[in-house]
Amino acid sequence: MEATISAMPSRRDYSLLGRDAKRAVETGLAAAEWYHTDVPRKQMKELMQRSDGPAIRDTIIWLGALVLSGAGGAWFWGAWWCVPFFFVYGVLYGSSTDSRWHECGHGTAFRTQWMNDVVYQIACFMIMRNPVTWRWSHTRHHTDTIIVGRDPEIAVMRPPDLLRVVLNFFGIVDAWHAMTDMVRNAAGIISPAEKTFIPEPEQPKAIRIARIWTAIYAATIALALYSGSFLPLMLVGLPRLYGAWHHVMTGLLQHGGLAENVIDHRLNSRTVHMNPISRFIYWNMNYHVEHHMFPMVPYHALPRLHELIKHDLPAPTPSILAGYREMVPAFLRQLRNEDYFLKRELPPTAKPYRDEFHNDNDAVAAAAE
Amino acid sequence: MSDWVEACGADDIDEEDVMRFDHDGRTFAIYRSPDDEYFATDGLCTHEKVHLADGLVMDDIIECPKHNGRFNYKTGAARGAPVCVNLRTYPVKLDAGKILIQIG
């Protein structure tokens with residue numbers, strides 16, 4: 001299904017300090033009460049229960065595979081045999097860390113909090129996300145998911161910058177911004193936008209982390225120069241580029257092409273069925289509607305949550321390929337008409353939340369063109 | 001003058017769980033700890049005014065259902081981002097199988 005809201009402004013202002021940010025506050029879109037499927041407290045308590053076991057197992061596999069593939073790449077450095085090792089190492093370094101950062105940031109991966117904190121710090125370094133800045137930006141993302149001017153984590157803004165999207169499959173734009181932000185923070189500067197979501201007492205922590213990271217990257221570059229080899233950079237830093245493709249591939253599906261400025265995660269988020277390897281790398285974030293609706297539920301319980309509430313959700317997208325088959329044409333269409341979006345169809349058993357999104361009426365036209 | 005207000009029956013809350021209690025336009029959270037003690041705090045998270053009664057009780061921690069911010073519900077102390085401001089706590093007593101909280 002497809003729709004466009006004719007009353008929306010023709011141009012969007014995604015700045016956290018701009019016109020749409022102010023409008024979102026005025027209209028009640030900011031910090032709004034979001035739709036939740038009814039789940040009995042007893043069942044929700046069971047789903048929310050924390051356990052160290054699954055995440056310890058997965059972390060041993062993840063770090064073990066990271067060390068082995070990195071060692072293999074280093075061992076075969078200079079020969080073609082290093083390529084498959086760095087292919088694996090890159091995905092584990094530049095993509096698996098996206099989901100580890102995310103889950104441990106929520107504090108749901110492990111029951112034991114220090115374990116969440118340790119994996120969070122490691123993953124943040126690899127994915128190049130300041131652990132303080134991104135903890136707070138992600139808090140805002142959950143408060144104001146895909147609300148224009150409020151959500152700092154909208155991956156594809158309208159009209160889509162497809163060159164940026166393609167470059168980010170190789171981490172180029174994100175890593176560049178991560179590096180410039182790191183250097184700026186290391187110089188003691190917190191940007192005006194960062195100040196909108198990072199509380200003042202937390203800002204010195206962001207600066208301290210940026211300084212530590214700058215020192216690590218400087219040491220890695222110095223080692224590469226001293227040894228006359230790219231190998232140190234192939235192991236630290238560059239995997240964020242050559243291994244980024246998987247987390248971008250899965251991450252774009254989270255909200256890509258769907259509605260903006262709705263307070264119902266069923267309409268602006270996408271659940272996608274995926275192969276087991278991608279689900280391991282992605283730590284089940286393919287159940288993205290479920291995650292946003294109930295962020296307390298750990299990644300390993302999301303399949304059970306999906307079974308429990310799927311009657312109230314749009315049908316899941318059957319595969320990554322199917323997701324791209326609907327999302328890419330939507331991006332292309334948004335180049336001509338930025339108000340166009342993919343309207344999620346709720347099943348007959350679902351509760352409608354906002355009628356204007358479930359009935360054809362004045363607020364919703366049938367199609368963008 | 002502080003009044004003791006009946007909130008619920010002692011058995012209305014499972015062990016290691018929380019329950020919402022609304023009174024006189026205010027909302028509270030009543031907790032039953034794993035060692036069978038009862039506690040009360042303000043009902044809304046100090047971060048974004050979400051009902052804590054929908055959250056998860058783990059030992060002496062209540063975790064907010066929206067952003068996973070953590071408080072020690074026995075002391076009200078904020079224990080993890082994104083919460084920075086402590087919760088207000090209230091005295092609790094058991095009387096004939098009923099939980100009473102003292103609302104100041």
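Reader: Which residues of chain A does UniProt list for "transmembrane region"?
Author: This is a predicted model, and the annotation comes from an unreviewed UniProt entry. The entry gives two spans in chain A, residues 60–92 and 215–238.

Reader: How much of residues 60–92 of chain A is helix?
Author: Strand makes up 0% of that span. Its end C-alpha atoms lie 12 Å apart. The helix share of residues 60–92 is 82%.

Reader: How far apart are the end C-alpha atoms of residues 215–238 of chain A?
Author: This span is 75% helix and 0% strand. Its end C-alpha atoms are 16 Å apart.

Reader: Is A:Ala219 buried or exposed?
Author: A:Ala219 sits in helix H11 of chain A, residues 203–227. A residue is exposed if 12 or fewer other C-beta atoms lie within 10 Å of its own. A:Ala219 has 12, so it counts as exposed.

Reader: How do H7(A) and H11(A) lie to each other: parallel, antiparallel, perpendicular or oblique?
Author: The axes of H7(A), residues 131–143, and H11(A) come within 7 Å. They cross at roughly 135°. Angles over 145 degrees count as roughly antiparallel, and 65 to 115 as roughly perpendicular. The crossing angle therefore makes H7(A) to H11(A) oblique.

Reader: Which residues of H11(A) meet H7(A)?
Author: The residues of this contact divide into 4 nonpolar, 1 polar and 1 charged. From H7(A) come A:Pro131, A:Val132 and A:Thr133. On the H11(A) side they meet A:Lys205, A:Ala206 and A:Ile209.

Reader: Is A:Met128 buried or exposed?
Author: A:Met128 is in the loop between H6 and H7 of chain A. Its phi is near 65°, a positive value in a residue other than glycine. The cut-off for burial is 20 or more other C-beta atoms within 10 Å. A:Met128 has 25, so it is buried.

Reader: Why does A:Trp283 count as buried?
Author: A:Trp283 is found in the loop between helix H16 (276–282) and helix H17 (288–293) of chain A. Its phi, near 50°, is positive in a residue other than glycine. Burial takes 20 or more other C-beta atoms within 10 Å. A:Trp283 is buried because its C-beta neighbours inside 10 Å number 23.

Reader: Which residue does a cis peptide bond join to A:Arg158?
Author: Omega of this bond is about -5°. The partner lies in the loop between H7 and helix H8 (162–168) of chain A. The partner is A:Pro159.

Reader: Which residues touch the most other members of the largest nonpolar core?
Author: This core has 92 residues. Its largest share, 7 residues, comes from helix H6 of chain A, residues 113–127. The residues that touch the most other members are B:Ala29 and B:Ile30.

Reader: How much of residues 5–101 of chain B is strand?
Author: An unreviewed UniProt entry annotates this span as "domain: Rieske". Its end C-alpha atoms are 5 Å apart. Helix makes up 0%, and strand 47%.

Reader: Is B:Asp35 buried or exposed?
Author: B:Asp35 is placed in the loop between strand E3 (26–32) and strand E4 (38–42) of chain B. Its C-alpha is 31 Å from that of B:Gly25, 10 residues apart in sequence. With 9 other C-beta atoms within 10 Å, B:Asp35 is exposed.

Reader: How many residues of chain A are in contact with chain B?
Author: Chain B brings 14 residues to the contact. These divide into 6 nonpolar, 4 polar and 4 charged. From chain A, the number is 16.

Key
Residues numbered from 1 in each chain as written. Chains lettered and ligands numbered in written order. Predicted model: local features only at pLDDT ≥ 70, side-chain atom pairs only at ≥ 80, totals over all residues. Contact = placed C-beta atoms within 7 Å. Nonpolar A, V, L, I, M, F, W, Y, C, P; charged D, E, K, R; others polar. UniProt positions renumbered as here; feature names shortened; annotations may be inferred. Helix = DSSP H or I, 4+ residues; strand = E, 2+ residues; numbered from the N terminus. Axes fitted to C-alpha atoms, helices over the stretch in contact; angles between N-to-C directions. Parallel < 35°, antiparallel > 145°, perpendicular 65-115°, else oblique. Core = buried A, V, L, I, M, F, W, Y, C linked by C-beta atoms within 7 Å.
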